[in-house]
Structure formats: structure tokens, C-alpha cells
Amino acid sequence: PTSGYSYTDDNGLEMQKRVYNHSQTERIAGNYHPLIFGSYIENTHEDERFTLLSERSHGCGSLAEGMIEVMLHRRTWADDSKGVGQALNDKDRVNPRLRLVYADKEDSSYLHRHLSLQQQ
């Protein structure tokens with residue numbers, strides 16, 4: 001089992017602890033956070049970390065225990081009344097480059113720093 005928390009790099013410099021907020025009126029959208037270079041979840045019983053690294057920004061959430069979800073592309077069929085004033089109908093192709101790292105915490109931290117620099 002994981003700790004129930006996920007971590008994302010909110011600004012590309014430091015990791016922010018994210019807690020699933022059950023009281024959000026929009027439970028999925030309200031629990032997505034910016035992912036600049038990486039996100040991870042940790043195993044509470046062992047010293048292990050599952051890390052996802054990306055070369056570009058995405059939206060990211062941990063909506064269930066032991067899971068990381070990444071929003072690669074956003075598309076709506078109608079205006080969602082969130083301020084844009086039109087549907088998001090972007091038909092551009094998205095080709096993300098993601099890396100997955102499963103290692104102990106010490107190795108994972110080292111790999112996160114070095115692989116993030118390589119992906120830029």
C-alpha cells in the first residue's frame with residue numbers, strides 16, 4: 001500500500017505533497033495538480049518509490065490508492081463555463097515522452113534529478 005499521498009513538482013524545483021481532497025465538488029478536476037517534470041507515490045511498508053518523469057508539463061492526480069493518472073490532452077465538446085468561452089477542440093497530436101522509475105527512495109531521488117535534466 002502507498003501512503004495515500006502523491007507528490008508533484010509544482011514549480012520544477014521542489015516536490016509538493018498532495019493529499020486527495022474528498023470534499024471537492026469536482027472530485028477529479030479538484031484533485032489534479034501541475035506536473036512540471038515529475039510525480040511520485042511511495043510504498044509505506046518498504047523503502048520504494050514509483051516515479052513518473054515527463055519532458056513537458058501535464059496535469060496529474062492520484063485519484064486512488066497506488067495510482068498516478070496523467071492528463072495528456074484536454075478536449076471538451078462544449079464550453080464548460082470556466083472562462084474560456086468556447087469548446088476546447090484542439091486536434092494537434094500530442095507525443096509525450098514519459099519515463100517510469102521504480103526504485104528505493106535514495107536511488108529514485110538521484111534518478112529523478114538526473115533523468116529530468118536529460119529530458120529537457
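Modeller: Let's fix the vocabulary: two strands pair if DSSP finds at least two bridges between them. Helices (H or I, at least four residues) and strands (E, at least two) are DSSP runs, numbered from the N terminus. This is a predicted model, where local features need pLDDT of at least 70 and side-chain atom pairs count only at pLDDT 80 or more, while totals for chains, interfaces and linings use all residues. Residues are numbered from 1 along each chain as its sequence is written, and side-chain values use heavy atoms, with hydrogens and water left out.

Biologist: Fine. What pattern does the protein follow, read along the sequence?

Modeller: Start with the inventory: the protein has one helix and eight strands. Its C-alpha trace spans about 45 × 35 × 20 Å along the principal axes. Going along the sequence, the pattern reads β-β-β-β-β-β-β-β-α.

Biologist: What order do the strands have in the open sheet of five?

Modeller: Take the E1 pairings to begin with. E1 (residues 5-9) meets E2 (residues 15-19) over five antiparallel bridges, and two bridges tie E1 to E4 (residues 38-42), again antiparallel. E4 in turn pairs with E5 (residues 48-54) through five antiparallel bridges. Put into the full sheet, with its antiparallel pairing, that gives the order E2-E1-E4-E5-E8.

Biologist: And which are its edge strands?

Modeller: In a sheet ordered E2-E1-E4-E5-E8, look for strands that pair on one side only. The average twist is 20° from one strand to the next (axes are lines fitted to C-alpha atoms, for helices over the stretch in contact, and angles run from 0 to 180 degrees between N-to-C directions). The edge strands turn out to be E2 and E8 (98-104).

Biologist: Let me check the register. What is the bridge partner of serine 39 in E5?

Modeller: Serine 39 sits opposite threonine 8 as a bridge partner on the E1 side. On the E5 side, glycine 38 has leucine 53 as its partner. A hairpin of five residues joins E4 to E5. For serine 39, the partner in E5 is leucine 52.

Biologist: How many of the five residues of E4 are buried?

Modeller: Buried means under 20% relative accessible area, exposed means over 50%, and partly exposed is in between (1.4 Å probe, protein chains only). In a regular strand the side chains alternate between the two faces of the sheet. Here Gly38, Tyr40 and Glu42 point one way and Ser39 and Ile41 the other, and all are buried. E4 is largely enclosed by the rest of the structure, because its buried residues number five of the five.

Biologist: Next door in E1, is serine 6 buried or exposed?

Modeller: Serine 6 lies in E1, a strand that is largely enclosed by the rest of the structure, since four of its five residues are buried. Leaving aside neighbours within four places in sequence, serine 6 contacts (heavy atoms within 4.5 Å) Gln16, Lys17, Arg18, Tyr40, Ile41 and Ser62. With a relative accessibility of 6%, serine 6 counts as buried.

Biologist: What order does the open sheet of three strands have?

Modeller: One piece is E6 with E7, an antiparallel pair held by three bridges, where cysteine 60 stands opposite valine 70 in E7. The sheet as a whole is antiparallel, in the order E3-E6-E7.

Biologist: Why is one side of E3 and of E7 left without a neighbour in the sheet?

Modeller: Recall the order E3-E6-E7. E3 (33-35) and E7 stand at the edges, so one side of each lacks a neighbour in the sheet: each has a single partner strand.

Biologist: Which residues is methionine 67 in contact with, leaving aside its neighbours within four places in sequence?

Modeller: Methionine 67 is in the loop between E6 (58-61) and E7 (69-71), and at 28% relative accessibility it counts as partly exposed. Its C-alpha atom is 9.4 Å from that of tyrosine 40, 27 residues away along the chain. Apart from the neighbours within four places, methionine 67 is in contact with Ile41, Gly61 and Ser62.

Biologist: Last one: what percentage of the protein's residues count as buried?

Modeller: Among contacts with a separation of 6 or more, 56% come from residues 24 or more positions apart. Of the 120 residues of the protein, the share that counts as buried is 31%.
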